[in-house]
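Dear colleague,

I am passing on the structure below for your own work, and after it you will find a summary of what turned up when I went through it. Please read the summary with the structure open beside it.

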Amino acid sequence: MTTRILPVIMSGGSGTRLWPLSREDMPKQLQALTSDTSMLVETARRVAGEGDGIEFLPPLVILNAKQADTARAQLADNSFPDARFVVEPVGRNTAAVAAAAAELAAATDGADLVLLLPADHFIRDVPAFRAAIGQGSALARDGRLVTFGIEPDQPHTGYGYIRRGDASGPGYNVQAFTEKPDAETAAGFLRAGGFYWNAGIFLFAPDAVAAEMERQCPDVLLAVRRAINDGVSDGARFDLDAQAFARCPSISFDYAVMEGTDRAAVVPADIGWSDVGSFDALWQIRDKDEAGNAGTGDVDFLDSRRCFGFATDARVVLCGVRDLVVVQTGDAVLVADRNDSQAIKAVVEQLKAEGRSDLL
């Protein structure tokens, strides 16, 4: 039996930790940071076609109005003319996105399951990723809410963690979720074993998620249903109703549903995953020279080690430095410690406070 899966790609983020490359109008997922095409197109390519009992339907992309035209053009230019787009009038976090995905999938002819995934992740081993989806589909068809766990290789404090329980088919029951632990707790997880990074990728049947939301966060589901009922369709684009969607609580799918359900299952996924959430993460996945430097554009490294350089329209030289990020765009230059992504987020907050929308 072939399982038909609707990929729902979440593309509404702005990627503040990658400023000044990532901006509100052109966030990281719409840029070619990890290959020769945008991360959105790469994501769509991973979940296209069929094989091993799975058929992926044309993708549904959920995003904001600033990004809609660019995203539509990118997918149309890369063999995805049947992609559909749902425009959020305001951001309301991932529980609202999951609710919209479930409601729209239920109205999509032939969609058995929803694969909810971010547009801005890097996955090196695509066959392994698709194999994990195939394994998870067996659980999702039985009403389980499936997440995919990444084997941690360091005590990272920027990711959520999943603690596995007893085996369940091709995966495990979820015993607990932990959101971004401190360094000591994360190190303890690695020593104990049985913990995974939460990749934020979910697979579920539309009715299973709707039932859990009815039980745990009915206000989210009700607001989204009203936003869909009162929304406006224009060909491949569907705009959610602004008034109804604005009344939706802003809460993550993990908090609203996954942490309180007894249906959660995790499938281990050794897929070469990164959320590309910082310049350090981008440096980690890029090809490097013998000194560990990675660069894009007219960038040169002299007696420098483990640095990342990016230039759009000027010559950038890193000379005699270690572990730095230097990014040059047409209107800004960033110099930062490669290991301190939080500092870059603080820069963005400062620019907001100064009213520098021209740089955001």
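A residue is called buried when its relative accessible area is under 20%, exposed when that area is over 50%, and partly exposed in between. Please also keep in mind throughout that this is a predicted model.

The cut-offs bear on two residues whose backbone deserves a look. N93, which is not a glycine, has a positive phi of about 70°, and because its relative accessibility is 37%, N93 counts as partly exposed. N93 belongs to helix 3, which covers residues 93-106. D52 is likewise a non-glycine residue with a positive phi, in this case about 55°, and it sits in the loop that links strand 2 (50-51) to strand 3 (54-56). With a relative accessible area of 84%, D52 is exposed. A further backbone feature is the cis peptide bond from W19 to P20, with omega near 10°; P20 is located in the loop between strand 1 (3-10) and helix 1 (39-46).

As for the protein as a whole, its secondary structure consists of eleven helices and 21 strands. The radius of gyration is 21 Å, which agrees with the value near 21 Å that a compact globule of 360 residues would have. Along the principal axes, the C-alpha atoms fill a box of roughly 60 × 50 × 40 Å. Of the 360 residues, 51% are buried, and where contacts join residues at least 6 apart in sequence, 67% of them join residues at least 24 apart.

Turning to the interior, the largest nonpolar core has 94 residues, and those with the most contacts inside it are L115, L116 and F148. Helix 3 gives the most to this core, contributing ten residues. If neighbours within four places in sequence are left aside, the residues in contact with F148 include L115, A132, I133, W197 and V266. There is also a second, separate core of 24 residues, among them W283, L334, I344 and L351.

On the surface side, the accessible area of the protein comes to about 15,600 Å², and carbon and sulfur atoms account for 45% of this. The protein carries 34 positive and 51 negative charges, and the mean positions of these two sets are 2 Å apart.

With kind regards

Conventions. Residues are numbered from 1 along each chain as its sequence is written. This is a predicted model: local features need pLDDT of at least 70, side-chain atom pairs count only at pLDDT 80 or more; totals for chains, interfaces and linings use all residues. Side-chain values use heavy atoms; hydrogens and water are left out. Helices (H or I, at least four residues) and strands (E, at least two) are DSSP runs, numbered from the N terminus. The radius of gyration is taken over C-alpha atoms; the globule rule is 2.2 Å times the number of residues to the power 0.38. Buried means under 20% relative accessible area, exposed over 50%, partly exposed in between (1.4 Å probe, protein chains only). Contact means heavy atoms within 4.5 Å. Accessible areas come from the Shrake-Rupley method with a 1.4 Å probe; for residues, only the protein chains shown count as cover. Lys and Arg count as positive and Asp and Glu as negative; His and the chain ends are not counted. The place of a charge is taken as NZ of Lys, CZ of Arg, CG of Asp or CD of Glu. A nonpolar core is a set of buried Ala, Val, Leu, Ile, Met, Phe, Trp, Tyr and Cys residues joined through side-chain atoms within 4.5 Å.
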